[in-house]
Amino acid sequence: MINVKPYFFLKRLVVVTYNGTIAYDEFFHKGVNIIRGQNSSGKSTISNFIFYVLGGDYSNWTSEAQKCKDVIAEVEINGAIITLKRHISNGGLQPMSIYWDTYEESKKDSINWKTYPYKQNTNTASFTNVIFSALSFPEVKSDSDSNITLHQILRLLYIDQDTPTQNLFKVERFDLPLTRQAISEVLLGVYDDTLYNQRLAYRQAVKSNEDKKRQFEGINKIYGQSGTATNLNSILKEIELSKIELSKIDNSILELREKATINTTKRTATNSEKIQSELIPIKNHIQEIRAKINQYDLEIADSKQFIFTLEKRVDELNNSLLTRRILGELPLTNCPQCLNQLSNNIEEGHCFLCKQPLTEEAEKANAKRLKQEMELQIKESKSLLEDKSRILADLNGEYPIYVEKARVLQKQLNSSIEANQSTRDERIDNLLISKGGIEKNIEFITQQIKAVEMLEVLKKELSELALLIEQLRIDIKQKEIEQKYKYQNALLKIAEYTLFILKNDLERQDEFKRDNIVEVNFKNDSFSLNESNNFSASSKTYFKNAILFSIFFASLELDFFRYPRFILCDNMEDKGMEKERTQNFQKLITSMSNRFGNDHQIIFTTSMIADELNNSEYCIGENYDRNNKTLKV
């Protein structure tokens with residue numbers, strides 16, 4: 001399988017006022033995007049809007065931003081064009097509306113928008129689930145068992161002005177170290193969803209093993225103390241012996257009755273009616289159980305077939321997307337009919353052969369939407385299948401108990417109807433009493449079959465769990481070794497790029513020019529140079545930006561990264577960064593970006609743009625000032 005590195009790019013950002021007018025509408029491109037303008041012209045507001053519409057949690061809006069109603073973004077995610085919309089609110093945890101096509105198409109269609117909550121619940125997926133699915137991200141949880149959201153991922157992609165220079169992650173309250181560690185493992189490609197699932201399966205298997213072991217020991221102890229056999233063969237043998245003894249008693253009773261010399265009459269209906277009144281409800285219940293067993297057998301078979309079909313369709317859809325991507329990279333140079341060379345003077349986004357507009361992006365979006373819907377159906381169907389399987393197991397355990405009760409009562413009824421009433425001498429009465437005792441014992445022993453079968457099932461499950469636990473332990477250990485190797489490689493590459501950026505700084509911080517050791521600790525939200533970060537405020541800003549951009553550039557080089565090839569920076573001139581120094585940094589980042597082509601996106605704001613970059617293809621929108629702000633409200 002080909003590893004496709006995940007990405008999302010901002011293609012267009014639109015901000016709408018409460019009056020329905022457009023306050024901001026700009027197109028963005030791959031590569032470097034620069035939003036420039038004087039201080040207090042609204043650049044940071046636009047950065048916050050980008051962070052927010054992509055899934056960040058933000059509510060500290062400026063007075064200008066609060067005059068706006070909605071922020072809308074057209075984005076490209078792994079080849080699919082998706083439009084995102086969020087309502088601008090002072091409250092946190094706002095939902096997101098998603099439309100699977102371009103912004104222009106979304107304006108014509110108010111029906112196919114779908115709104116997702118910030119947090120998922122039992123019945124509803126969150127917008128994080130939807131975007132993660134489109135990015136081919138796994139559902140991620142940290143060891144604190146809290147879901148990693150899109151907001152958490154963006155905290156390492158957005159360099160804002162409010163976060164102190166000593167912090168890597170965008171600052172927030174109640175920030176857990178384990179959450180930061182999980183975020184870094186996801187973005188650096190270290191997090192393995194199969195490893196998390198195996199760790200979870202291991203914990204569940206160990207817990208299940210302990211529970212079943214206690215259950216087994218409890219049942220075994222109870223029946224061992226009561227003297228009841230705990231072996232199914234022993235119980236069946238005891239039932240067979242009791243039936244033989246019962247047959248002997250019946251024969252003895254018949255022999256005694258045949259020797260009777262007095263006149264006899266047919267047995268009265270009283271005893272037969274009593275037996276029938278007990279037998280009929282039991283037979284009805286047996287029929288109900290049998291019908292339910294048949295019903296659940298069919299439903300389970302149908303559910304399994306349905307799940308198999310859905311899983312097959314998901315695989316086929318994945319293969320279709322992969323095939324389409326591979327074939328799309330093959331250039332068509334000659335006509336397949338006449339073999340003549342095709343003209344290159346074709347408008348971008350149109351077919352070489354038929355000259356019609358290509359709809360590949362819309363098809364990709366539809367395919368991803370269908371895939372997501374089918375995966376949710378599979379998850380729900382598997383949950384229902386587990387419930388039905390548990391009910392079927394209970395029914396199968398209950399069925400033989402009632403069958404044995406019905407058999408005993410039927411035999412009593414047959415004897416009651418066929419046998420003749422004769423003199424009730426002491427021997428017959430004793431035999432009848434013995435017969436009743438044996439029948440009750442058979443009924444009691446039959447009821448123990450379910451408990452003994454449960455012991456046998458528990459034995460089998462304990463054996464299977466022991467094998468599973470050992471296999472999971474081996475797999476987890478192997479994956480942890482692989483994970484550690486990837487993590488070390490990622491940190492080495494980040495350090496390499498950081499040192500390159502530091503050494504290309506102006507002559508402002510002597511330590512930056514030396515051979516240094518860079519350390520990054522995502523869990524502690526810290527970074528250092530030769531175990532120190534005691535520099536001037538501007539050098540701390542430069543160092544922090546160097547680290548975060550190095551993570552970004554490392555992700556472009558190393559294939560195992562999940563970092564989505566997108567970075568947003570709003571603090572290049574923070575903490576007294578002088579003009580020459582920030583312009584040098586801008587040119588350095590742009591130069592490094594150009595080495596990697598355009599298969600990534602950098603967005604940064606500046607009030608001191610380098611002359612070489614000003615009014616170039618890198619710039620987005622106008623050169624804003626206090627009289628011409630970013631938001632037209």
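**Asking why, one term after another**

Tutor: Let's begin at Val-408, which has its place in helix H9 (residues 360-418). The model is predicted: local features need pLDDT of at least 70, side-chain atom pairs count only at pLDDT 80 or more, and totals for chains, interfaces and linings use all residues. Residues are numbered from 1 along each chain as its sequence is written, and side-chain values use heavy atoms, with hydrogens and water left out.

Student: What makes H9 a helix?

Tutor: Helices are DSSP runs of H or I with at least four residues, strands are runs of E with at least two, and both are numbered from the N terminus. H9 covers residues 360-418.

Student: Why is Val-408 called buried?

Tutor: Buried means under 20% relative accessible area, exposed means over 50%, and partly exposed is in between (1.4 Å probe, protein chains only). Val-408 has 11%, so it is buried. Val-408 and Ile-442 are 34 residues apart in sequence, with their C-alpha atoms 8.8 Å apart.

Student: How do you know that strand S3 is largely enclosed by the rest of the structure?

Tutor: Six of the six residues of S3 (residues 31-36) are buried, so the conclusion follows. S3 also has a partner: six bridges join S3 to strand S14 (residues 601-606), and the two run parallel.

Student: Why do S3 and S14 count as a pair?

Tutor: Two strands pair if DSSP finds at least two bridges between them, and S3 and S14 have six. In this pairing Asn-33 stands opposite Ile-603.

Student: Which strands form the open sheet, and in what order?

Tutor: Six strands do, in the order S2-S1-S4-S5-S6-S7, with antiparallel pairing.

Student: What makes S2 and S7 edge strands?

Tutor: Strand S2 (22-27) and strand S7 (114-116) each pair on one side only. Strand S6 (residues 96-99) and S7 pair in the antiparallel sense over three bridges, and Ser-97 has Thr-115 in S7 as its bridge partner.

Student: How do you know that helix H3 packs on the sheet?

Tutor: Look at the contacts, meaning heavy atoms within 4.5 Å. Helix H3 (residues 127-134) touches strand S4 (68-77), strand S5 (80-87), S6 and S7, and its direction makes about 35° with that of S6. Such angles run from 0 to 180 degrees between N-to-C directions, with axes as lines fitted to C-alpha atoms, for helices over the stretch in contact.

Student: What makes Asp-25 and Arg-12 a salt bridge?

Tutor: A salt bridge is a side-chain nitrogen of Lys or Arg within 4 Å of a carboxyl oxygen of Asp or Glu. For Asp-25 and Arg-12 the closest N and O atoms are 2.8 Å apart, and the pair qualifies. By this rule the count comes to 24 salt bridges.

Student: How exposed or buried are Asp-25 and Arg-12?

Tutor: Asp-25, at 29% relative accessibility, counts as partly exposed, while Arg-12, at 8%, counts as buried. Arg-12 also meets Glu-104 in a salt bridge (2.8 Å, N to O). Glu-104 lies in helix H2 (residues 103-108) and Arg-12 in strand S1, so this pair ties together parts that are 92 residues apart in sequence.

Student: Why does Arg-214 count as exposed?

Tutor: Its relative accessibility is 52%, so Arg-214 lands in that class. Its salt bridge partner is Asp-211, with the closest N and O atoms 2.5 Å apart. Both residues lie in helix H6 (residues 193-226), three residues apart, about one turn of the helix.

Student: What makes a set of residues a nonpolar core?

Tutor: The members are buried Ala, Val, Leu, Ile, Met, Phe, Trp, Tyr and Cys residues joined through side-chain atoms within 4.5 Å. The largest such core here has 110 residues, and Tyr-24 is one of those that touch the most other members. Helix H11 (residues 537-557) gives the most to this core, with eleven residues.

Student: How many residues does the other core have?

Tutor: That core, lying apart, has 14 residues, among them Ile-300 and Leu-395.

Student: Which elements have the lowest and the highest mean pLDDT?

Tutor: pLDDT is the predictor's confidence in each residue, from 0 to 100. Strand S9 (residues 265-266) has the lowest mean, 46, and strand S13 (residues 566-569) the highest, 98. Over residues 260-268 the pLDDT is below 50. Where pLDDT is low, the predicted coordinates should not be read in detail.
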